[in-house]
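Trainee: Could we take a close look at one helix pairing in this model? Please start there and then work outwards through the rest of the fold.

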Amino acid sequence: MGGGAVSKSNLLSSARCTARVLSEDDTDPVARAEACLRFLNGKPSDYRLHQFWEYLTKLPVEEQHYWVGTLYTLMLSPNIRRSQATYFTPPVVAGAVIDFVVDAGFDIARHNVMDPAAGGAAFLSTLAGRMKRAKIDVDSVARRLFGIEIDIGLAHLSRRLIEEQLGTKLDPKNIFRADSLQLPVQRQFDLVIANPPYGRVTAEDVRGDDWMRVAHPGHINKYALFSELSFRLAKPGGLIALVIPSSFRAGPLYDRMREFVRKQGQILSIASIYGRNGVFLDVQQDVSVLVARRGSPHQASRLVDFPIIGQDVNGLPPVKVKLPKDKAAAWPLPATDPELVGGAKLADYGVQAKVGYFVWNRETSRMRKRVSSKLTYPLIWAKNVRSGRLCYPAGRTKPSIDFVKFQQPSSAIVSGPSAVMQRTTNDGQPRRLIAAVVDPKVVAKWGGFVTENHTIVLTADDPKKLDLAIALLNTSAVDKRYRQVSGTASVSVSLLRELDLPRPKMFARALKAHNGNAEIAAAIAYGDASEPGAQP
């Protein structure tokens, strides 16, 4: 098969329509899997399915398999898709991850591999194709590929896609349906590779207490559990390659996971995947690739590769950086180019950050519709924050302003130069960092204000420095750096304080030179930060 290019949007639209048609007849998971697989065998008789089949014929094999797997997930209900996190690894990512492990010593001619979250066989099918193209005996390959998948239809689909690649049958025991997290480890592998599901679970949902090695009570994420399992599944000296949310790199609640990984072996590379949208269908997570070798603990003196995966950035040499000496500390986020480093932090702009104070649904008795005493202040909600505009209080549900009553003076009352940032963003917002300077009229009229807990308050003694910092924080250059560090929708105050920013004088100089265009100024300030004479 082959032919002209097909846009992803057209493919996805066609796949959604095709899924609706197939769902009319097939409800059994295995029958649905077989219905998807039939697209690989020829033109369907139902004319409503022709367009999707025609699109598939124009794709290489790995892309075909990816879209056949995606078609199956689109036949699932959104709730099941979210609960099982059935979001498959795109071929460009799967291929890059396999390149990493081959470079790290995985021998396709003799080593075995396990995917404990096999999904649509993105890794196993791609490996099978590579092994066959290398003219390795297909029966040998079939004996060395293993996978576990919780969805019986996907387990069937995975096995059949690998068989399609190899042209031979697999032992059903090699790819089977089960919950990997509930199984005892009975053998170990040369490579454990996975794009595990994510989402919180409770301690009662988990087998044993291994979760305590990588998570905190009340904050147990599936991908942390799969990460812990992957190290147990790997042989001593074996490789682990995981496609997981970037939150593990610096999130405060993933300190145990970072410490565990460093104790279990050497960290070889931590790759970034560009794009909040478009990499994984229906997923808004920022994603990283962790590659490690199980063995003696990671030494802080060891350099770690930080490559970039993405069609627009392929070819850039990976940056090499040491991890912090503290095993639980946040891992660095090097720039794609070592010279593109700002060298400053928020404090260098004279700005302090803290979480908003007022939890409205716990203290509704303190809310007022008008000023009732001297200690009553307007409340700024996250929805009042719009970048590029002065922030002014307005009601949560109505235009009228909400107020909060205090019994005595409080540090939560903000009465100086300040700005407010949204602490959580939704999938429809293109930026993670959204901040606005508070209109000085607010303090002039009411003597101060208070913000809700879904905000971050940014304060400074110098209004000009505050304006400069907010202009910078609202740029795509800064937003991109923050998203690469944090894989969650919530903005972390600690990460914000540590975020690499251009030096203030460099940014101010570039801003002036480009007539106040903060986007251009931020890019220039990052790029020039390491040049001679760039010190503020």
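**A helix pair and its surroundings**

Mentor: Gladly! Helix α4 (residues 61–74) packs against helix α9 (residues 152–166) at an angle of about 165°, and their axes are 11 Å apart. Axes here are lines fitted to C-alpha atoms, for helices over the stretch in contact, with angles running from 0 to 180 degrees between N-to-C directions. α4 and α9 are therefore roughly antiparallel to each other; angles under 35 degrees count as roughly parallel, over 145 as roughly antiparallel, 65 to 115 as roughly perpendicular and the rest as oblique. The crossing of α4 past α9 is right-handed. On the α4 side the contact is made by V61, E62, H65, V68, G69 and Y72, and on the α9 side by G153, L154, L157, L161, E164 and Q165. Contact means heavy atoms within 4.5 Å. As for handedness, a crossing is left-handed if the near helix is turned anticlockwise from the far one by less than a right angle, and right-handed if clockwise.

A word on what we are looking at. This is a predicted model, in which local features need pLDDT of at least 70 and side-chain atom pairs count only at pLDDT 80 or more, while totals for chains, interfaces and linings use all residues. Residues are numbered from 1 along each chain as its sequence is written, and side-chain values use heavy atoms, with hydrogens and water left out. Helices (H or I, at least four residues) and strands (E, at least two) are DSSP runs, numbered from the N terminus.

Now stay with α4. Helix α2 (residues 29–37) also packs on α4, at an angle of about 140° and with the axes 9 Å apart. That makes α2 oblique to α4. Here too the crossing is right-handed. P29, R32, A33, C36 and L37 of α2 make the contact with V68, L71 and Y72 of α4. V68 and Y72 are therefore worth finding on screen: they are listed in the α2 contact and also in the contact with α9.

α4 has one further role in the picture, since it is among the elements, together with α1 (8–23), that cover the buried residues of α3. Helix α3 (residues 50–57) is mostly covered, with six of its eight residues buried: H50, F52, W53, Y55, L56 and T57. Buried means under 20% relative accessible area, exposed over 50% and partly exposed in between (1.4 Å probe, protein chains only).

Stepping back, the protein has 18 helices and 22 strands, and 55% of its 536 residues count as buried. Of the contacts with a separation of 6 or more, 75% are between residues 24 or more positions apart.

The largest nonpolar core has 38 residues, of which F248, M257, V261, I267, I270 and W331 touch the most other members. Its contributors of at least two residues each are β2 (145–149), β4 (189–194), α10 (222–233), β7 (234–245), α12 (255–264), β8 (265–273), β9 (287–294) and β10 (303–306). α10 gives the most, with seven residues. A nonpolar core is a set of buried Ala, Val, Leu, Ile, Met, Phe, Trp, Tyr and Cys residues joined through side-chain atoms within 4.5 Å. Setting aside neighbours within four places in sequence, I267 is in contact with V261, R262, L290, V291, A292, H298, R302, V304, L323 and W331.

Further along the chain, helix α17 (residues 504–513) shows a clear sidedness. P504, M506, F507, A510 and L511 are buried. Seen down the helix axis, these buried residues fall within an arc of 165° (taken from the directions from the axis to the C-beta atoms), so they line one face of α17. The face turned away from that side carries the exposed residues K505, K512 and A513.

Just after α17 comes N515, with a positive phi of about 55°. N515 is not a glycine, and it lies in the loop between α17 and α18 (518–528). Most residues other than glycine have a negative phi. N515 counts as exposed, at 77% relative accessibility. K135, likewise not a glycine, has a positive phi of about 60°. K135 sits in the loop between α7 (122–133) and α8 (138–144) and is exposed, with a relative accessible area of 76%.

For a loop residue that is buried, try V414, between β17 (403–405) and β18 (418–422). Its relative accessible area is 5%. Leaving aside neighbours within four places in sequence, V414 is in contact with V443, G448, F449, V457 and T459.
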